[in-house]
Amino acid sequence: VRRRALSRAGGERTLTNILHCVELLHQAEQEHVSGLEGLIVWLERRIAGNVADEAALLRLETDANAVQLSTIHASKGLEYPLVFLPFAWDSPSGKTEQVIFHGADGTLTLDLGSDMLEANKATARAERAAEAARLLYVAVTRAEFLCYIAWGCISDAHNSPLFPLLHGRTVADPKKFKSCSDQDILADVRQLGTPGSGLAAAIMPVDTPAPPYLPQQVNLGTFACRSLKQPISSDWRISSFSSLTSGSERSNLQPRDYDALTSAIADSSADEPTARAATLSIFDFPRGASAGTCLHEILERLDFSALTAEQIEQVSSSRLRANGYEDHWQAAVAGMVSAVTQAPLVAEAPLFNLAQLQKGAWQTELEFFLPVAQLSPERLRLLFDGLLQPTLHGDFAQLLDSLNFQQSRGMLHGFIDLVFEQAGRYHIVDWKSNHLGFNAADYSPDNMTRSMADHAYILQYHLYALALHRHLKQRLPGYRYETHFGGAIYVFLRGISQENPQLGIYRDRPSATFIERADKLLLA
């Protein structure tokens, strides 16, 4: 990008804008934006909006021809074409009460009142004067072609290291320098120069207008558009589970899948509860995407390693209020959360639950970008060919046959609700607030399988398993899918039953054959 930009007319301007844009995006990510998709949305809004922000003001593409302000210390060793010293008349160091000097052996000494105080004061003054002269030498010798020095009877100029150099032969008493006229001062300065020495001195002009700016005229010739010699590729995009199942080419502004219904067979989208009993249960809790967002936020903020009833109540109450739900839902939601955290999620470990997790053993909202070489409905059907079981996957094959989205390549983007490690195996958890009925029995394996197929959640967890597999393969030494991948667990939050652990929990482990096929047919 840098090479191509700089090879064009106006390339410095283009490259400066690109680098400036990258800085703004980086700052936005550090402060409040999460993920690539979020940055794209943020940039689109900034481009579309009319936001007054000094940080976005157009920057100068180069400071090669600009005036640079520098201290004498910082300029040491550097060279500039022209140097202006407007304050060389100023005394470089103000009056100080401290008597600091170097002794005969080179030791830095501070005299706080010795018998030699007056002599040491003179030594300290001499050292300060020598240092001032050295700094003046550094400043004057930075110029490659020309050095301008402003001089005159200004303030305490007689204390400047320039004074003895310019007037040491003619002005015996520095204190009388203030009585010298401008012509006397000019004459002293001119005496230092000899023909051909390059020294010139003049009285600074007064009330003389500055010459007008005349920009350099550059003949860039006639511009012509370049012709495109290759077709424009339009198949690279960022896809997501939602975009694949909905047929759209782009995910929403909030790419997390909070139970957004993706098929025509919807559980319910009503946000108002059905009046059934005096005591509200989790079955009565409002349905739809906003309710799913609220429940997801509660489970996302739990600290499983220090889980208590008080923590569950506090988090539940906080997120319910933040999402606009009344306090009367508190008992039902907190009871559901408690049941979920005590549920035996791993079939091979019936005594394990989320409340047993230790710090660092889980990650919520795990975002991924999975590189995809080619993604099409045909390839997805080929990946699942011969791997679907009716008892576990229901009629998902029929939905798979009906998928219709444009073939693409690029990145597959998503968020996994929860990943946790138990006994060396990594499990995917997805929270589902889908409403399958008003009784625990309505969340039976058969009903959950039907919902998993209807909403393409089976495709979802296969893609999530593929993303986690690729991540673990890169990061976990000695990783093997058969050994380290535990499976996918879909928790239907309304149907968790402490009396019957088979209700409300759907489990599957994508076959190793699917993972092997995907590595060859799908991933880049």
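How many salt bridges does a search of the whole structure find? The search finds nine, and three of the stops below visit pairs of this kind; the model on screen is a predicted one, which is worth keeping in mind at each selection.

**The N-terminal helix**

Begin by selecting R3, which is placed in helix 1, residues 2-6. With a relative accessible area of 72%, R3 is exposed. Now extend the selection to R4, R8 and R226, and you will have the residues that, together with R3, gather in a patch of positive charge on the surface.

**The hairpin of strand 2 and strand 3**

Move next to strand 2, residues 99-102, and display its side chains, which alternate along the strand: V99 and F101 are buried and point to one face, whereas I100 and H102 point to the other face and are not buried. Add strand 3, residues 108-111, which runs antiparallel to strand 2 and is joined to it by four bridges. If you keep F101 highlighted and look across to strand 3, its bridge partner there is T109. Then follow the chain through the five residues between the two strands of this hairpin, and pause at G106, which takes a positive phi near 90 degrees.

**A salt bridge inside helix 5**

Select E131 and R134, whose closest N and O atoms are 2.8 Å apart in a salt bridge. Why are these two separated by about one helical turn? The reason is that E131 and R134 are three residues apart in helix 5, which covers residues 117-140. E131 is partly exposed, its relative accessible area being 34%, and R134 also counts as partly exposed, at 34% relative accessibility.

**Salt bridges between elements**

Continue to R319 and E297, whose side chains meet in a salt bridge at 3.0 Å, N to O. Because R319 lies in helix 10 (residues 309-322) and E297 in helix 9 (residues 289-300), the pair ties together parts that are 22 residues apart in sequence. Are these two residues buried or exposed? Both R319 and E297 are buried.

From there, select K359 and D303, which form a salt bridge with their closest N and O atoms 3.4 Å apart. K359 sits in the loop between helix 11 (330-342) and strand 6 (362-375), while D303 sits in the loop between helix 9 and helix 10, so this pair ties together parts that are 56 residues apart in sequence. K359 counts as exposed, at 62% relative accessibility.

**A nonpolar patch on the surface**

Switch to a surface view and select L82, F84, F145, L146 and Y148, which form a nonpolar patch with about 560 Å² of accessible area together. The elements that give two or more residues to this patch are strand 1 (80-85) and strand 4 (143-149). Which of the elements supplies the largest share? Strand 4 does, with three residues. Y148 lies in strand 4, and at 42% relative accessibility Y148 counts as partly exposed.

**Helix 12 and a distance to draw**

For the last stop, select L382, which is placed in helix 12, residues 377-384, and which is partly exposed, with a relative accessible area of 45%. Then draw a C-alpha to C-alpha line from L382 to Y426: the two residues are 44 residues apart in sequence and 26 Å apart in space.

Notes:
Residues are numbered from 1 along each chain as its sequence is written. This is a predicted model: local features need pLDDT of at least 70, side-chain atom pairs count only at pLDDT 80 or more; totals for chains, interfaces and linings use all residues. Side-chain values use heavy atoms; hydrogens and water are left out. Patches are made of residues with over 30% relative accessible area and no salt bridge: like charges are joined within 9 Å, nonpolar side chains (Val, Leu, Ile, Met, Phe, Trp, Tyr) within 5 Å. Accessible areas come from the Shrake-Rupley method with a 1.4 Å probe; for residues, only the protein chains shown count as cover. A salt bridge is a side-chain nitrogen of Lys or Arg within 4 Å of a carboxyl oxygen of Asp or Glu. Lys and Arg count as positive and Asp and Glu as negative; His and the chain ends are not counted. The place of a charge is taken as NZ of Lys, CZ of Arg, CG of Asp or CD of Glu. Buried means under 20% relative accessible area, exposed over 50%, partly exposed in between (1.4 Å probe, protein chains only). Two strands pair if DSSP finds at least two bridges between them.
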